[in-house]
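Work through the exercises below with the sequence and the model open side by side. Try each task before reading its solution.

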Amino acid sequence: MLTVDIDKNSGFCAGVIRAIGKAEEFLGKAKISGDLDRKLFSLGAIVHNDAELNRLVQQGLVTIDKEDLGEMIDAQGEYLLIRAHGEPPQTYMTAEKLGFNVIDCTCPVVLRLQERIKEAYNIQKETGNGQIIIFGKIGHAEVLGLIGQTDGSAIVVENVEMLEEFAQNGQINLNIPTEIFSQTTKSPAEFSSLCARLEEMMASE
């Protein structure tokens with residue numbers, strides 16, 4: 001007979017658990033108060049798990065995407081949950097303009113990374129020199145939030161090969177101050193290899 005062992009550390013990450021908890025708290029209070037029409041809009045899927053999503057939908061969670069948000073005219077008094085991946089500053093501005101009450105569930109680890117990238121970007125902007133590289137998956141929600149801290153100027157690379165290609169075609173300048181950061185869910189070993197290769201290329205210039 002085949003035996004399946006489930007790792008004791010498997011499951012949702014702490015940031016997702018925190019976001020689900022906040023969603024449940026909000027929806028639970030609405031139910032207790034008898035306000036069954038009150039919805040909680042989540043910008044993107046709060047968790048990548050259909051069973052858990054369906055459970056939350058039954059409680060009143062409504063998942064929307066950026067296109068849905070852009071089509072809303074007036075959301076005065078509605079509630080919008082920012083999931084653990086985080087969002088760029090522009091999203092918060094849009095939500096505020098539409099009248100949403102924002103429940104920010106950005107993972108504290110992601111939030112600290114956003115702050116570090118924003119700080120690095122502001123310093124580079126003051127000096128007028130430098131570039132920011134983010135090791136991550138192009139188009140990933142967390143990465144989009146990180147790029148947003150740099151007004152869209154950060155360069156995203158997915159691997160060493162892409163780093164070398166961008167250096168060769170001039171998208172990455174090997175002769176200016178460079179700050180490199182990693183998406184929180186990427187491999188530390190891969191990130192170390194990427195940093196080592198970047199240092200190697202810059203030293204040979």
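The exercises that follow deal with a predicted model and go through its sheets, some of its helices and loops, and a pocket.

**Exercise 1. The sheet of four strands**

Task: State the strand order of the open sheet of 4 strands, and find which strands stand at the edges.

Solution.
- Step 1. Read across the sheet: the order is β2-β1-β3-β4, and the pairing is parallel.
- Step 2. Look for strands with a single partner: these are β2 (61-64) and β4 (101-104), so each has one side without a neighbour in the sheet.
- Step 3. Take the angle between neighbouring strands, ignoring direction: the average is 30 degrees.
- Step 4. Examine one pair in detail. Strand β3 (residues 79-82) runs parallel to β4 and is joined to it by 4 bridges. Within this pair, L81 stands opposite I103 of β4.

**Exercise 2. The sheet of three strands**

Task: Describe the open sheet formed by 3 strands, then list the bridges that hold β5 to its partners.

Solution.
- Step 1. The order is β6-β5-β7, with parallel pairing.
- Step 2. β6 and β7 (178-182) are the edge strands, each pairing on one side only.
- Step 3. From one strand to the next, the twist averages 25 degrees.
- Step 4. Towards β7, strand β5 pairs over 5 bridges in the parallel sense. The bridge partner of Q131 in β7 is T178, and that of I132 is E179.
- Step 5. Towards β6, strand β5 has 3 bridges, again parallel. Here I134 is partnered by V156 of β6.

**Exercise 3. The surroundings of β5**

Task: Decide whether β5 is enclosed or open, and name the helices that lie on its sheet.

Solution.
- Step 1. Count the buried residues: 5 of the 5 in β5 are buried, so the strand is largely enclosed by the rest of the structure.
- Step 2. Sort them by direction. Q131, I133 and F135 point one way, while I132 and I134 point the other way; all are buried.
- Step 3. Look for the helices. Helix α5 packs on the sheet and touches β5 and β7, with its direction at about 170 degrees to that of β7. Helix α7 (residues 160-169) lies across β5 and β6 and runs at about 140 degrees to β6.

**Exercise 4. A glutamine in α5**

Task: Is Q124 buried or exposed, and which residues does it contact beyond its sequence neighbours?

Solution.
- Step 1. Locate the residue: Q124 is in helix α5.
- Step 2. Compare its accessibility with the cut-off. The relative accessible area of Q124 is 11%, and buried means under 20%, so Q124 is buried.
- Step 3. Leave aside neighbours within four places in sequence. The contacts of Q124 are then N129, G130, Q131, I132, P177 and E179.

**Exercise 5. Helix α6 and the loop after it**

Task: Find how many residues of α6 are buried and what they pack against, then compare Q149 with D151.

Solution.
- Step 1. In helix α6 (residues 141-148), 7 of the 8 residues are buried, so the helix is largely enclosed by the rest of the structure. The buried residues are A141, E142, V143, G145, L146, I147 and G148.
- Step 2. These buried residues pack against α4 (89-98), α5 (108-127), β5 (131-135) and β6 (155-157).
- Step 3. Move on to the loop between α6 and β6, where Q149 lies. Q149 is buried, at 7% relative accessible area.
- Step 4. Residues up to four places away in sequence are not counted here. Q149 touches E87, P88, P89, Q114, I117, K118 and Y121.
- Step 5. D151 is also in the loop between α6 and β6. D151 has 55% relative accessibility and counts as exposed. Its phi is near 55 degrees, a positive value in a residue other than glycine.

**Exercise 6. The largest pocket**

Task: How much space lies in the largest pocket, and what lines it?

Solution.
- Step 1. The space in the largest pocket is about 290 Å³.
- Step 2. Its lining has 16 residues, and C13, V16, A84, H85 and T185 lie nearest the centre.
- Step 3. Divide the lining by residue class: 10 are nonpolar, 5 polar and 1 charged.

Key
Residues are numbered from 1 along each chain as its sequence is written. This is a predicted model: local features need pLDDT of at least 70, side-chain atom pairs count only at pLDDT 80 or more; totals for chains, interfaces and linings use all residues. Side-chain values use heavy atoms; hydrogens and water are left out. Buried means under 20% relative accessible area, exposed over 50%, partly exposed in between (1.4 Å probe, protein chains only). Helices (H or I, at least four residues) and strands (E, at least two) are DSSP runs, numbered from the N terminus. Contact means heavy atoms within 4.5 Å. Two strands pair if DSSP finds at least two bridges between them. Axes are lines fitted to C-alpha atoms, for helices over the stretch in contact, and angles run from 0 to 180 degrees between N-to-C directions. On a 1 Å grid over the protein atoms alone, a cavity is a set of points where a 1.4 Å probe fits but cannot get out, and a pocket is an open set with protein on both sides within 12 Å along at least five of seven lines; lining residues have an atom within 4 Å of a point. Grid points are joined across faces, edges and corners, and a volume is the space filled by probe spheres set on the points. Ala, Val, Leu, Ile, Met, Phe, Trp, Tyr, Cys and Pro count as nonpolar, Asp, Glu, Lys and Arg as charged, and the others, Gly among them, as polar.
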